[in-house]
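Let's take a walk through this protein chain together, starting from the whole and ending at a single side chain. Please have a look at the fold before reading on.

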Amino acid sequence: MRIILSILIIDALLMVGSIGWAEEPQTPAPSGQSAPPPANEQPAPQPAEATPEPAPILTPPEQGPSSGGTVKEKSAQQALEQTQEEKENKKIETTPETSLIKGRLQVEVIETYVHTSSNSLFIEGLGLLPVLILGPIEVQKIQRDILNTTLVIRYKITEKFQASINIPYQFIFSRISVAADTSGGGVTANPTSETTTSTSGLGDINGNVTYQMLNESLLKPSLTVALGFKARTGEDIFQTNQPTGSGYNSISVSLNASKSSEPAVLFGYLSYAYAFSRRDVVYSPPNLPARTINYEPGDNIGFGFGIAYALNYKLTLSTQFQESINLPGAINQDQLSNSMTNSASLRFGGTWKLNDKTSLDLSVSPGLTSDSADFILSLRVPWRF
């Protein structure tokens, strides 16, 4: 009996031990983790954890502190940045002179309408009193309308050099009104007459090579220098009474500066043109015999400044003051009277960008001095390839 009782107690003890071993299996801890605490020790309390969110997926180049930030930061930065071509295209629309990217060609058509008028008074007689003049009086009013079509070709040779050539063709319509009378007792003897003439022809072909001296920075403006030329390709005053050209060759140098302060661009220029003299020119003045002369045209000084303001990516408005001073010329070393002229005007324009390759630029320039045209209306349409 005692033997049977001993066997039952041993079996019960074995069953209890097997249950304890099932509740606390002694399995090895995973790599990188510490072993669980013994059964007789209470584990340290852990803070409550929220439901874990999926970790953001990072591409390999953007992982780590040296990669430049997270995906969201990269996307925001790329959205704010523009490519170099977009910057240059925007610059084209906000500056008076077109700047291209290396290897790009631009063809531009410029249509310009110019209206000029002047009055001349010719008196031959004796002035006895300010209100009484004896002798013939002739008053001339000359009105001239010029339609100029210019083909402009620009090419960016390198990052620093750009070349352009301008080929103009002119249509000129002139109206000369003459009022001739004899002021004797206030009786008009001759009525007013009007003469209309028209002509057309090639103008003076000109061009320039531009070098980028200084790129714009935070404190410095962009500076470019241009070396230009003008060829005597149009008919001049020694060939016709309706000239389409100046009658002389010239070379010029100009300095252009621009500084952006978004959304505006400030710009200005200063230029000087040297005119080459002509020797042994046959000159046939009206009602006088022809003679041979040496003609020395005057040099030219020009300057201007303005501002372009971008209302948005497509529309830009600009205002510019420009002045051109022609120095006195000479015939046979004798200075020509009234040959020095001062022409000044204001240019109001707007540019509408149609797409990345073309735009429309419309401007009007009223004259400010008596030597200026009454007004100039211009339309420019460039195509970039």
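What follows goes from the overall chain to its core and then to one buried charged residue.

Keep in mind as you look around that this is a predicted model. The protein chain has three helices and 19 strands, so you may like to color by secondary structure, using the DSSP runs as a guide. Of its 385 residues, 29% are buried. The accessible surface comes to about 25,400 Å², and carbon and sulfur atoms account for 61% of that area. As for how the chain meets itself, take the contacts between residues at least 6 apart in sequence: 56% of these join residues at least 24 apart.

Now let's step inside. The largest nonpolar core consists of seven residues, namely Phe-238, Tyr-248, Ala-275, Val-281, Ile-293, Tyr-295 and Ile-331. Tyr-248 is a good place to pause: leaving aside residues up to four places away in sequence, it touches its fellow core members Ala-275 and Tyr-295. Tyr-248 also touches Lys-230, Arg-232, Phe-276, Arg-278 and Pro-297.

Our last stop is Glu-323, which you will find in strand E14, spanning residues 315-326. Which side chain of opposite charge is nearest to Glu-323? It is Arg-347, 16 Å away, and Glu-323 has no salt bridge although it is buried. Glu-323 does have a polar partner, however: its side chain makes a polar contact of 3.0 Å with the side chain of Asn-342. Beyond four places in sequence, the residues that Glu-323 touches include Asn-342, Ser-343 and Ala-344, along with Ile-301, Gly-302, Phe-303 and Tyr-269.

Definitions and conventions. Residues numbered from 1 in each chain as written. Predicted model: local features only at pLDDT ≥ 70, side-chain atom pairs only at ≥ 80, totals over all residues. Heavy atoms only, no water. Core = buried A, V, L, I, M, F, W, Y, C linked by side-chain atoms within 4.5 Å. Buried < 20%, exposed > 50% of the residue type's maximum accessible area, 1.4 Å probe, protein only. Contact = heavy atoms within 4.5 Å. Helix = DSSP H or I, 4+ residues; strand = E, 2+ residues; numbered from the N terminus. Lys, Arg positive; Asp, Glu negative; His and termini not counted. Salt bridge = Lys/Arg side-chain N within 4 Å of Asp/Glu carboxyl O. Polar contact = N/O pair within 3.5 Å; in protein donor to acceptor, adjacent residues only side chain to side chain. Areas by Shrake-Rupley, 256 points an atom, 1.4 Å probe, with all protein chains shown as cover.
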